[in-house]
Amino acid sequence: MDRKDRVIRELGAARRRGDFEQVRSLLDDEIVWHEPGDADYSGDHRRADDVIALMKKLAETANLTLEPQEVLSTDEHAVARTRWWAEREGTRVEGNEIGVYRFAGDKITEVWFWYDGYDQRAHDFVFSF
């Protein structure tokens, strides 16, 4: 398994377990995390501490699971197709994600996401702060 593939899969597993110390170990201090759309969590999140604060808030809001399916790597980047689902108060939403990760060594330095195949109304409820 490619090291970028391993890091992306470890990131998803650590988030699922709520192991934010391990998450932190996978992120560059100056990471830029781009979340699309108009959701409460959307926008550019800069620096590892801010990204982890976002992840913790999402974990408190919804029971989110990320399951990377395939990862394609180049020298500095990896693209991951991920299935995801989340639940909150009996409402479930699921969909697809394409994430483009930029790496420096074994650390994620920047990531962009694109989502599709989900119910917008359910998504907005499940992920609202």
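Tutor: Two residues are in contact when heavy atoms of theirs lie within 4.5 Å of each other. The model before us is predicted, and we shall begin with helix H3, residues 48-61.

Student: Against which elements do the buried residues of H3 pack?

Tutor: They pack against the helices H1 (3-17), H2 (20-26) and H4 (120-126), and against the strands S1 (27-35), S2 (43-46) and S4 (77-88).

Student: Which residues of H3 are the buried ones?

Tutor: They are Ala48, Val51, Ile52, Leu54, Met55, Leu58 and Thr61. In an α-helix there are 3.6 residues to a turn, so residues three or four places apart point the same way.

Student: How do you know that the span of H3 is close to the expected one?

Tutor: H3 has 14 residues and reaches 20 Å from its first C-alpha to its last, while 20 Å is expected at 1.5 Å a residue. The span of H3 is therefore close to the expected value.

Student: What is the span of H1, and what is expected?

Tutor: H1 has 15 residues; from first C-alpha to last it reaches 21 Å, close to the 21 Å expected. Its buried residues include Val7, Ile8, Leu11 and Ala14, and also Lys4, Asp5 and Arg15.

Student: What makes Asp2 a cap of H1?

Tutor: A side-chain oxygen of Asp2 lies 2.7 Å from the backbone nitrogen of Lys4. A polar contact requires N or O atoms within 3.5 Å, so this pair meets the distance limit. Asp2 caps the N-terminal end of H1, and the helix is followed by Gly18, whose phi is positive, near 75 degrees.

Student: Is His45 buried or exposed, and how do you know?

Tutor: His45, in strand S2, has a relative accessible area of 16%. The limit for buried is under 20%, so His45 is buried.

Student: Which residues does His45 touch?

Tutor: Leaving aside residues up to four places away in sequence, His45 touches Ile31, Val32, Trp33, Glu35, Val51 and Leu54. In addition, a polar atom of its side chain lies 2.7 Å from the backbone oxygen of Tyr41.

Student: Why is the pair Arg46 and Asp44 called a salt bridge?

Tutor: The closest N and O atoms of Arg46 and Asp44 are 3.9 Å apart. The limit is 4 Å, so the pair counts as a salt bridge. Arg46 is partly exposed at 42%, and Asp44 is partly exposed at 45%.

Student: How many salt bridges does the structure hold?

Tutor: It holds 14. One of the pairs is Asp29 with Arg24, at 2.5 Å. In addition, Arg3, Arg6, Glu10 and Asp106 are linked in a network of salt bridges.

Student: Arg102 and Glu110 also meet in a salt bridge; how is the accessibility of Arg102 classed, and how is that of Glu110 classed?

Tutor: Arg102, at 28%, falls between 20% and 50% and is therefore partly exposed. Glu110, at 14%, is under 20% and is therefore buried. The distance between them is 2.8 Å, N to O.

Student: Why is Leu72 called exposed?

Tutor: Leu72, in strand S3 (residues 63-73), has a relative accessible area of 61%. Exposed means over 50%, so Leu72 is exposed.

Student: Which residues form a nonpolar patch with Leu72 on the surface?

Tutor: Val79, Ile98 and Trp114 form the patch with Leu72, and together the four have about 390 Å² of accessible area.

Notes
Residues are numbered from 1 along each chain as its sequence is written. This is a predicted model: local features need pLDDT of at least 70, side-chain atom pairs count only at pLDDT 80 or more; totals for chains, interfaces and linings use all residues. Side-chain values use heavy atoms; hydrogens and water are left out. Patches are made of residues with over 30% relative accessible area and no salt bridge: like charges are joined within 9 Å, nonpolar side chains (Val, Leu, Ile, Met, Phe, Trp, Tyr) within 5 Å. Accessible areas come from the Shrake-Rupley method with a 1.4 Å probe; for residues, only the protein chains shown count as cover. A salt bridge is a side-chain nitrogen of Lys or Arg within 4 Å of a carboxyl oxygen of Asp or Glu. Helices (H or I, at least four residues) and strands (E, at least two) are DSSP runs, numbered from the N terminus. Buried means under 20% relative accessible area, exposed over 50%, partly exposed in between (1.4 Å probe, protein chains only). A polar contact is a pair of N or O atoms within 3.5 Å; within protein, one must be able to donate a hydrogen and the other to accept it, and residues adjacent in sequence count only if both atoms are side-chain atoms.
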